[in-house]
Amino acid sequence: MNKFILGILLTIASISSSANFESVWEKSVGWTIESTKIIDSFEHENGRVESAFQGCEVGRSIYFRDDTYVTCNTKGYQYAHAPTAILLSKRVSYGDQASKIWRMIVNNEMYGIE
């Protein structure tokens, strides 16, 4: 009986995880995958650096293992040690000016970045 209940719980968790994954990628239609990077650390507002990923806060710097970084412009919480970030871009035009907007996906959660 316990194996049966465990099987049902794992099935529900799998379906829930798949639904979230699909919704993140559905939001990504039209975006270009620019790169993947491993997150090394982030910087708190007070300047303290922490070696994990705890989601985004507006203005938070996220550092990657290749010595590059991005700055968050949206909020969202999760905790992960050295997760892979998928960096996406999309070209947008405003009149005669063109630029790129950026997004970062970490563990099926999307964040706005600069």
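Here is a walk through the salt bridges of this structure, followed by a look at one residue in its first strand, β1. Keep in mind that you are looking at a predicted model.

Let's start with the charged pairs. How many salt bridges does the structure hold? There are three. Take the one between E34 and K100, whose side chains come together at 3.2 Å, N to O. This pair ties together distant parts of the chain: E34 belongs to strand β1, which covers residues 32-43, while K100 belongs to strand β6, residues 97-106. Along the sequence, the two partners are 66 residues apart. As for solvent, E34 has 35% relative accessibility and so counts as partly exposed. K100, at 38%, is partly exposed as well.

Stay on strand β1 for the next pair. Here the side chains of K37 and D66 form a salt bridge, with an N to O distance of 2.7 Å. Again the link joins distant parts of the chain, since K37 is in β1 and D66 sits in the loop between β3 (61-64) and β4 (69-71), 29 residues apart. Is K37 buried or exposed? It counts as buried, because its relative accessibility is 18% and the cut-off for buried is under 20%. Its partner D66 is another matter: at 42% relative accessibility, D66 counts as partly exposed.

That leaves R48 and E50, whose side chains meet in a salt bridge at 3.3 Å, N to O. R48 comes out as partly exposed, with 45% relative accessibility. E50 has a value of 22% and is partly exposed too; that label follows because buried would need a value under 20%.

Now back to β1 for a residue outside these charged pairs. I38 lies in this strand, and with a relative accessible area of 35% it is classed as partly exposed. Which residues does I38 touch, once those up to four places away in sequence are set aside? The list is F64, R65, A82, P83 and T84. One of these, P83, is worth a look in the viewer: the C-alpha atoms of I38 and P83 are separated by 5.7 Å, although the two residues are 45 residues apart along the chain.

Put together, strand β1 gives you a handy thread to follow. From E34 you can trace a salt bridge to K100 in β6, from K37 another to D66 in the loop between β3 and β4, and from I38 a set of contacts that includes F64 and A82.

Conventions
Residues are numbered from 1 along each chain as its sequence is written. This is a predicted model: local features need pLDDT of at least 70, side-chain atom pairs count only at pLDDT 80 or more; totals for chains, interfaces and linings use all residues. Side-chain values use heavy atoms; hydrogens and water are left out. A salt bridge is a side-chain nitrogen of Lys or Arg within 4 Å of a carboxyl oxygen of Asp or Glu. Helices (H or I, at least four residues) and strands (E, at least two) are DSSP runs, numbered from the N terminus. Buried means under 20% relative accessible area, exposed over 50%, partly exposed in between (1.4 Å probe, protein chains only). Contact means heavy atoms within 4.5 Å.
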